[in-house]
Amino acid sequence: ARVRNTVLCLIGERKNGLISGGTGSGKTTLMKAFLDHIPQDERLLIIEQPAELQVTHPNAVRWEAVDAIPGQVAITPSELLAAALRHRPDRIIMGEIRNECGYDLLQAMNTGHGGTLSTIHAKSALDALYRLSNLALSARPNLDHSFMRSETAEAIDFVLHCERDVTGRRQVRELITVSGYEYPRQCFQTEVVYRASSD
């Protein structure tokens, strides 16, 4: 309950967050649960590929990225994100980040789009930050690793990590907040708000 309330406070303060975890760990389910608590007068723009979120929010606009097939051109998450910025959303909700669209998402967050939420496949909360910055690096040639990690630290305020244990039970394992990136040591500056016991 403490973790849930803390995350709801962060979302209420329009902080940007990632929900990380492995396949089937409950990332999308957690995202949906938190979206249900966003004020109904806020305009949500949801971008997914494929569409998975069962959102009941009355002010949500849903867009789905599609791959190219005969007779239909591809519509990428990055293209949808660029279009979303022109629709004045209160919050941008991205489905799982799997490719270079991570770069565009970071740019959106770092230009004033607070309250953005997304999910990412990772093995820990800290790993999620490195994975997002690495995906963003794939978007442009000659991007600097440290610069991209610094951009990631500036954009992301918190990471919630979930896991599915050997019995199939899903649980939140970690919640960290992000305060910056330390160039000399080449590491993210984070604080552990919660970490589940390992027993």
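**Close-up views of a predicted model**

Arg88 is exposed, its relative accessible area being 71%. This residue opens the legends below, which describe views of a predicted model.

**View 1. Arg88 and Arg14 are two non-glycine residues with a positive phi.** Arg88 lies in the loop that connects helix 3 with strand 4, and its phi is about 50° although it is not a glycine. Arg14 belongs to the loop between helix 1 (2-12) and strand 1. There the phi is about 65°, again in a residue that is not a glycine. Arg14 counts as partly exposed, at 31% relative accessibility. As background, a negative phi is found in most residues other than glycine.

**View 2. A cis peptide bond leads from Gln49 to Pro50.** The omega angle of this bond is near -5°. Pro50 is located in the loop between strand 2 and strand 3. For context, most peptide bonds are trans.

**View 3. Eight strands make up an open sheet with mixed pairing.** The strand order is 3-2-4-5-1-6-7-8. Strand 3 (60-64) and strand 8 (187-195) occupy the edges; each has a single partner strand, so one side of each has no neighbour in the sheet. From one strand to the next, the twist averages 20°. In general, the strands of a sheet pair through backbone hydrogen bonds, in either a parallel or an antiparallel manner.

**View 4. Strand 5 (residues 117-121) is largely enclosed by the rest of the structure, because four of its five residues are buried.** Strand 1 (residues 17-21) runs parallel to strand 5 and is joined to it by five bridges. In this pairing, Gly17 stands opposite Leu117. Strand 4 also runs parallel to strand 5, with four bridges between them. Here the bridge partner of Ile93 is Leu117. Leu117 of strand 5 is thus shown with Gly17 and with Ile93.

**View 5. Strand 2 (residues 44-48) and strand 4 (residues 91-97) run parallel.** Four bridges join these two strands. Ile47 has Met94 of strand 4 as its bridge partner. The view also takes in Leu80, whose C-alpha lies 9.6 Å from that of Ile46, although the two residues are 34 apart in sequence. Leu80 is part of helix 3 (residues 77-84). With a relative accessibility of 11%, Leu80 counts as buried.

**View 6. The largest pocket has a volume of about 170 Å³.** Its lining consists of Thr23, Gly24, Ser25, Gly26, Lys27, Thr28, Thr29, Glu52, Glu96, Arg98, Thr119 and Arg170. Helix 2 (residues 27-35) supplies the largest share of this lining, three residues. Divided by class, the lining of the largest pocket has seven polar and five charged residues, and no nonpolar ones.

**View 7. One cavity of 30 Å³ or more is found in a search of the whole structure.** The volume of the largest cavity is about 40 Å³. Thr28, Met31, Glu48, Glu52, Leu53, Gly95, Glu96 and Thr119 form its lining. Helix 2 and strand 4 are the elements that give two or more residues to this lining. Two of the lining residues are nonpolar, three are polar and three are charged. Thr28, Glu52, Glu96 and Thr119 appear both in this lining and in that of the largest pocket.

**View 8. Ring pairs join Tyr130, Tyr181, Tyr183 and Phe188 into a cluster.** The count for the structure is three aromatic pairs. One of them is formed by Tyr181 and Tyr183, an edge-to-face pair with 5.5 Å from centre to centre and 85° between the planes. The rings of Tyr181 and Phe188 have centres 5.3 Å apart and planes at 70°; this pair is edge-to-face because planes over 60 degrees apart are classed in that way. Tyr181 takes part in both of these pairs and is buried, with a relative accessible area of 9%. Phe188 is likewise buried, at 7%. Tyr183, by contrast, is partly exposed, with a relative accessible area of 41%.

Key: Residues are numbered from 1 along each chain as its sequence is written. This is a predicted model: local features need pLDDT of at least 70, side-chain atom pairs count only at pLDDT 80 or more; totals for chains, interfaces and linings use all residues. Side-chain values use heavy atoms; hydrogens and water are left out. On a 1 Å grid over the protein atoms alone, a cavity is a set of points where a 1.4 Å probe fits but cannot get out, and a pocket is an open set with protein on both sides within 12 Å along at least five of seven lines; lining residues have an atom within 4 Å of a point. Grid points are joined across faces, edges and corners, and a volume is the space filled by probe spheres set on the points. Ala, Val, Leu, Ile, Met, Phe, Trp, Tyr, Cys and Pro count as nonpolar, Asp, Glu, Lys and Arg as charged, and the others, Gly among them, as polar. Rings of Phe, Tyr and Trp (its six-membered ring) pair if their centres lie within 6.5 Å; planes under 30 degrees apart count as stacked, over 60 as edge-to-face and the rest as tilted. Buried means under 20% relative accessible area, exposed over 50%, partly exposed in between (1.4 Å probe, protein chains only). Two strands pair if DSSP finds at least two bridges between them. Axes are lines fitted to C-alpha atoms, for helices over the stretch in contact, and angles run from 0 to 180 degrees between N-to-C directions.
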